[in-house]
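This report describes selected local and global features of one protein chain. The structure is shown first, and the description follows.

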Amino acid sequence: MALQVLALACLVGAIVLGFVKKMNVGVVCLGLALVLGTIGGISSGDIYKGFPYKLFATLLGTMLFFSLLQQNGTLEKVSQKLISLCGKNTFLVPIIVYLVSFGLSAAGPGAISVQSVTVLFAVSLAVQMEVSPVLMGSMAILGAVGGTASPIALTGIIVEDLLAEMEIGGMGMKVFLGVSIANFICAAATYVALGGYKIRRAAAGENSGIDSAAEASGAAGKRGKASAGASAAGKSSGGLNRHQSVSLAALLVMVVLVVGFSYDVGLVCLTLSLILMLLGAADEKKAIKMIPWNVLILISGVNVLMNITQKMGGIDLLSDILASFMSARTAAPLMGVTGGIMSWFSSANGVVFPTLIPAVPDIAGQVGGASVLQMVVAIVCSATVAGISPLSTGGSLIMASYTQETGCDDKTQQKLFGQLFGLSAAVVCIVFVLTLVGVLGFLG
């Protein structure tokens, strides 16, 4: 018990220390990794296993690829074209982002593939429109994770298989319906809370979102640098030039391979980046300098310490505390919260669902009157919407792409980290309330 408490305290303390001292939280976490690991009897090899290699490669590949597209002016022109299509109704842009992400994800690819593409577009649009990147990016994430519960999408298939192993069948569409409803309410609340309905064309001089003035200032400075780089690369004031046309073709290839054929987005982006460099479509050195390395350090460092915390039982302690309060009415809400918290520290598909869903029938048996279906929906919805967290793929993409687009300072990055984590906690709480008050009671 003492080690569990110490592990959880170190994780929380590292994040708090980073914010208070205005330090990169990732560096703080890496600095504590050896100390906590030694106390917990964890070898250096096991500590290194906590490094998120796949997430790091995904972020590095996508950031390099989009740095090249930003450096030669392709992203700016594509974003401007998309904004112009909405005319004066720019308040619809976040809604369109949500619906497109939801539809693509529900069609089969699932959340990871879809949000890897739509989040980057959404944040680029946010910078062009001078609105909150948290709003635009989170709408892309929520759409993607909402659609992934479809019976033909990744999460839906995993959940259905887990239920089938427990000889519980026929819940696929009901789970998808319940997750879709709760997810839509989370998205609507996010849209209203972050002022999506207030969005007007940037030309009108109006901004929207959290700390919009600071964000707009950072965005404006970065766009000036990007424009200068694009001019050097031969950007014209009219249509796409040759390098931009090649870059746009590469972007379309990336979308097709990742969304249509489920290729790994990081590896695809690294390959396409190499092709663009060989063709001289953008300045390689400038693009590499634009990669937000400090964000990559932050995300990687926190993941390393979280892995140690999990190995020492800190996350189990947190889950056990929640489980001790369960009753027939609170079983589903608390299982959802548990799933959301676990999702901050581990993969929803790989860890949360295989861990919690098999335990649902036993809990339902111990707590008379608890609904198996509602508990499953609460777990799936909470664990997926928690993906807005900057420690997850979606949230980390928002942080990395916004930092890359605007060149914002460390203070802004730390603030963005806090905003994303706070929003992630907020939507998990929304699912908790929806389940507690019986909004999903019709599911049985």
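Lysine 289 is exposed, because its relative accessible area is 72% and the cut-off for exposure is over 50%. The model in which this value was computed is a predicted one. Lysine 289 belongs to helix 14, which covers residues 284–290. Although lysine 289 and glutamine 404 are 115 residues apart along the chain, their C-alpha atoms are separated by 9.4 Å.

Isoleucine 47 is located in helix 3 (residues 44–48). Its relative accessibility is 9%, so isoleucine 47 counts as buried under the 20% limit. Beyond its neighbours within four places in sequence, isoleucine 47 is in contact with Ala33, Leu34, Gly37, Ile42, Val304 and Ile308. A further pairing in space involves leucine 305: its C-alpha atom is 8.2 Å from that of isoleucine 47, with the two positions 258 residues apart in sequence terms.

The two sequence-distant pairs are listed below.

| Pair | Separation in sequence | C-alpha separation |
|---|---|---|
| Lysine 289 and glutamine 404 | 115 residues | 9.4 Å |
| Isoleucine 47 and leucine 305 | 258 residues | 8.2 Å |

The packing of helices is illustrated by helix 8 (residues 133–147) and helix 10 (residues 172–193), whose axes come within 9 Å and cross at roughly 175°. Helix 8 is therefore roughly antiparallel to helix 10, since the crossing angle is over 145 degrees. On the side of helix 8, the contact comprises Leu135, Ser138, Met139, Leu142, Val145, Gly146 and Gly147. These residues meet Phe176, Val179, Ser180, Asn183, Cys186, Ala187, Thr190 and Tyr191 of helix 10. By residue class, the contact between helix 8 and helix 10 contains 9 nonpolar, 6 polar and no charged residues.

Helix 17 spans residues 331–345, and its end C-alpha atoms are 22 Å apart. This agrees with the 21 Å expected for 15 residues at 1.5 Å a residue. Because 15 of its 15 residues are buried, helix 17 is largely enclosed by the rest of the structure.

In soluble globular proteins, nonpolar side chains tend to be buried together. In this model, the largest nonpolar core has 134 residues, and those with the most contacts inside it are Phe65, Met136, Met254, Phe353, Ile357, Met375 and Val376. Helix 7 (residues 111–129) supplies the largest share of this core, namely 11 residues. For methionine 375, the contacts outside its neighbours within four places in sequence are Ala331, Ala332, Met335, Val360, Ile363, Ala364 and Ala370.

Conventions. Residues numbered from 1 in each chain as written. Predicted model: local features only at pLDDT ≥ 70, side-chain atom pairs only at ≥ 80, totals over all residues. Heavy atoms only, no water. Axes fitted to C-alpha atoms, helices over the stretch in contact; angles between N-to-C directions. Helix = DSSP H or I, 4+ residues; strand = E, 2+ residues; numbered from the N terminus. Parallel < 35°, antiparallel > 145°, perpendicular 65-115°, else oblique. Contact = heavy atoms within 4.5 Å. Nonpolar A, V, L, I, M, F, W, Y, C, P; charged D, E, K, R; others polar. Expected span 1.5 Å × (residues − 1). Buried < 20%, exposed > 50% of the residue type's maximum accessible area, 1.4 Å probe, protein only. Core = buried A, V, L, I, M, F, W, Y, C linked by side-chain atoms within 4.5 Å.
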